[in-house]
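Hi everyone, thanks for squeezing me in. I'll put the model up and then talk through a few bits of it.

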Amino acid sequence: LLATVTYGSRYNEFKNGALKTSLRENVDLLVIANGVDSEYRKYLETLSTTINIQVVFLEKNEGSAGGFFELLTFCKKLNYEFYILLDDDNELVGNLAEVKFQHEASFFPRSGRTYVEKALKGINPTPYLAGENSFLGFDLKRIILKKINHIDSTKFDINSFNFPWAPYGGLILSKKVMQCGIMPEKRLFLYCDDTIYTNQISKKYGLYINSKLKIKDVDESWNVASKGHV
């Protein structure tokens, strides 16, 4: 199952992202309409008559974590082996049928994130990963590690490296993880706020990168575009 949260008037982003991926791959799609405008709602209501697409409407924008909280709550009622969470403008690049899901929790890589780009090049991403309780990636320990760059990259194995967190977009969760009771903090409104959810998953199940496919952002994340990404 593909599952996404959309909002506002993001018709073009959704059409060229999550919807395009679902139709191309012929995979079921769950859409949480998180306070969309009237025109977008009419489009989604029409789209919900499609066999492979289900739309759930929230009357107001509950924020990022709130929207994904509702998405995960709805997913718990369903019966799929794996769930792929996407931002509405995320397009999966590659053939989903060729992907092997070997971990309970993993994620597809996205460009524009230093820790992902380093990992894909075989470089230990530890100096580029902010610690717990940091804000928008600002972490004094990380800054020092990046400066001295003492991590031995030869000891890094991308297949066994447990990432401490990952974005919602591209997250791959098994049925076991979906039913485990870990949920996002609804009070975290902005997208880039919430690393608590995936950090809890990482600690309990591990969180690994799945580099078989990549995610293309139709609309570049604002915190990445502003160089505020972690």
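I'll go through two helices and then a cavity.

Quick caveat: this is a predicted model.

Okay, helix 3, residues 38-47. Which of its residues are buried? That would be Tyr40, Leu44 and Leu47. Seen down the helix axis, those buried residues sit within an arc of 55°, so they line one face of helix 3. If you want the textbook reason, an α-helix has 3.6 residues a turn, so residues three or four places apart point the same way. Now flip to the face turned away from the buried side of helix 3: there you get the exposed residues Ser38, Glu39, Lys42 and Thr46. And what do the buried ones pack against? Strand 1 (2-8), strand 2 (29-36) and strand 3 (53-58), plus helix 1 (11-16) and helix 2 (18-25).

Next, helix 4, residues 63-75. From first C-alpha to last, helix 4 reaches 18 Å over 13 residues, close to the 18 Å expected at 1.5 Å a residue. Helix 4 is mostly covered, with ten of those 13 residues buried. Among the buried ones are Gly63, Gly66 and Gly67, along with Phe68, Leu71, Leu72 and Phe74.

Last thing, cavities. How many of 30 Å³ or more turn up in a search of the whole structure? One. The volume of the largest cavity comes out at about 30 Å³. Its lining is Phe107, Phe108, Pro109, Arg110, Arg113, Tyr115, Val116, Pro167 and Gly169. By class, that lining has six nonpolar residues, two charged and one polar.

That's me done, happy to take questions.

Notes. Residues numbered from 1 in each chain as written. Predicted model: local features only at pLDDT ≥ 70, side-chain atom pairs only at ≥ 80, totals over all residues. Heavy atoms only, no water. 1 Å grid on protein atoms, 1.4 Å probe; cavity = no way out; pocket = protein on both sides within 12 Å on 5 of 7 lines; lining within 4 Å. Points joined across faces, edges and corners; volume = space filled by probe spheres on them. Nonpolar A, V, L, I, M, F, W, Y, C, P; charged D, E, K, R; others polar. Helix = DSSP H or I, 4+ residues; strand = E, 2+ residues; numbered from the N terminus. Expected span 1.5 Å × (residues − 1). Buried < 20%, exposed > 50% of the residue type's maximum accessible area, 1.4 Å probe, protein only. Arc of directions from axis to C-beta. Contact = heavy atoms within 4.5 Å.
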